[in-house]
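Me: I would like to go through the surroundings of the ligand in this model, asking at each step what a label rests on.

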Amino acid sequence: MINLKKVCVFCGTKTGNTPIYEETARKLGLLLAQNQLELVYGAGGTGVMKAVAEGTKMGGGRVTGITIQHLFDIERPDLMKSNMDELKVYQRMFARKVAMTEVSDAFCVLPGGLGTMDEMFELMVLKQLGIMNKPIIVLNINDFFSDLKALLHQLIRDGFVKPHHAETITFVSHVEDVIPTIRAELEKIACQTEQTL
Ligand code: AMP
């Protein structure tokens, strides 16, 4: 039986240089709400992060923001007060990441900068090491993540990553595919777990 309640979205504090990123984030946020799924995110009041939370609230969904004290002036969670149902504030970056990873049932990565990439790679490594086994969906809109796909192929080709470890993430091209893909991945993980019992 799949248990999907909270989806963590990792994405940029900036908007990027095309409106597609914000528009897609807003749509994803709305889709989460329409599917009765709670959004967990980094509590940002700027960029793509802001758009995803706005989308969820627009759809009447629940939003939990997780941040650290140091980021209050930079990522402006205060701007999102009316868009967050809960704000968790930690002192250290690693504690924030652990909290986001533990409370969420699945993850979706949207375009972003170094912080987004760091979060995505950390999740991939946790999965590769068998420490965490939750779906990680990468939304490849506007070909944003196509070079990442190419990099993964190169890492496999040159013998640094086992082919099946490339499957730690699942790429989708359309925002409408994110939630169905999360559900399909959860089913797959449940079947694999059953087979190993
Ligand atoms: P960015 O993609 O750089 O715009 O950042 C997106 C989110 O990632 C923001 O909430 C950042 O606080 C967060 N972030 C930045 N650096 C790190 C890091 N080293 N580890 C975890 N999260 C980070």
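**The ligand and its shell**

Me: What makes the pair formed by K97 and the ligand a polar contact?
Reply: This is a predicted model, and in it a polar side-chain atom of K97 lies 3.4 Å from a nitrogen atom of the ligand. A polar contact is a pair of N or O atoms within 3.5 Å, so the pair with K97 qualifies.

Me: Which distances put R96 and D118 under that label as well?
Reply: For R96, a side-chain N or O atom is 2.9 Å from an oxygen atom of the ligand, while for D118 a polar side-chain atom lies 2.8 Å from a ligand nitrogen. With the cut-off at 3.5 Å, both pairs therefore count as polar contacts. The protein covers 80% of the 490 Å² of accessible area that the ligand has on its own.

Me: Which elements give two or more residues to the shell around the ligand?
Reply: They are α4 (93–103) and α5 (114–128), and the largest share, five residues, comes from α5. By class, the shell has five nonpolar, six polar and five charged residues.

Me: Why is T116 called buried?
Reply: T116, which is found in helix α5 and is among the closest of the 16 residues that surround the ligand, has a relative accessibility of 2%. Buried means under 20%, so T116 is counted as buried.

Me: Which backbone atom does the side chain of T116 reach?
Reply: The side chain of T116 reaches the backbone oxygen of C11, at 3.2 Å.

Definitions and conventions:
Residues are numbered from 1 along each chain as its sequence is written. This is a predicted model: local features need pLDDT of at least 70, side-chain atom pairs count only at pLDDT 80 or more; totals for chains, interfaces and linings use all residues. Side-chain values use heavy atoms; hydrogens and water are left out. A residue is near a molecule or strand if one of its heavy atoms lies within 4 Å of it. A polar contact is a pair of N or O atoms within 3.5 Å; within protein, one must be able to donate a hydrogen and the other to accept it, and residues adjacent in sequence count only if both atoms are side-chain atoms. Accessible areas come from the Shrake-Rupley method with a 1.4 Å probe; for residues, only the protein chains shown count as cover. Helices (H or I, at least four residues) and strands (E, at least two) are DSSP runs, numbered from the N terminus. Ala, Val, Leu, Ile, Met, Phe, Trp, Tyr, Cys and Pro count as nonpolar, Asp, Glu, Lys and Arg as charged, and the others, Gly among them, as polar. Buried means under 20% relative accessible area, exposed over 50%, partly exposed in between (1.4 Å probe, protein chains only).
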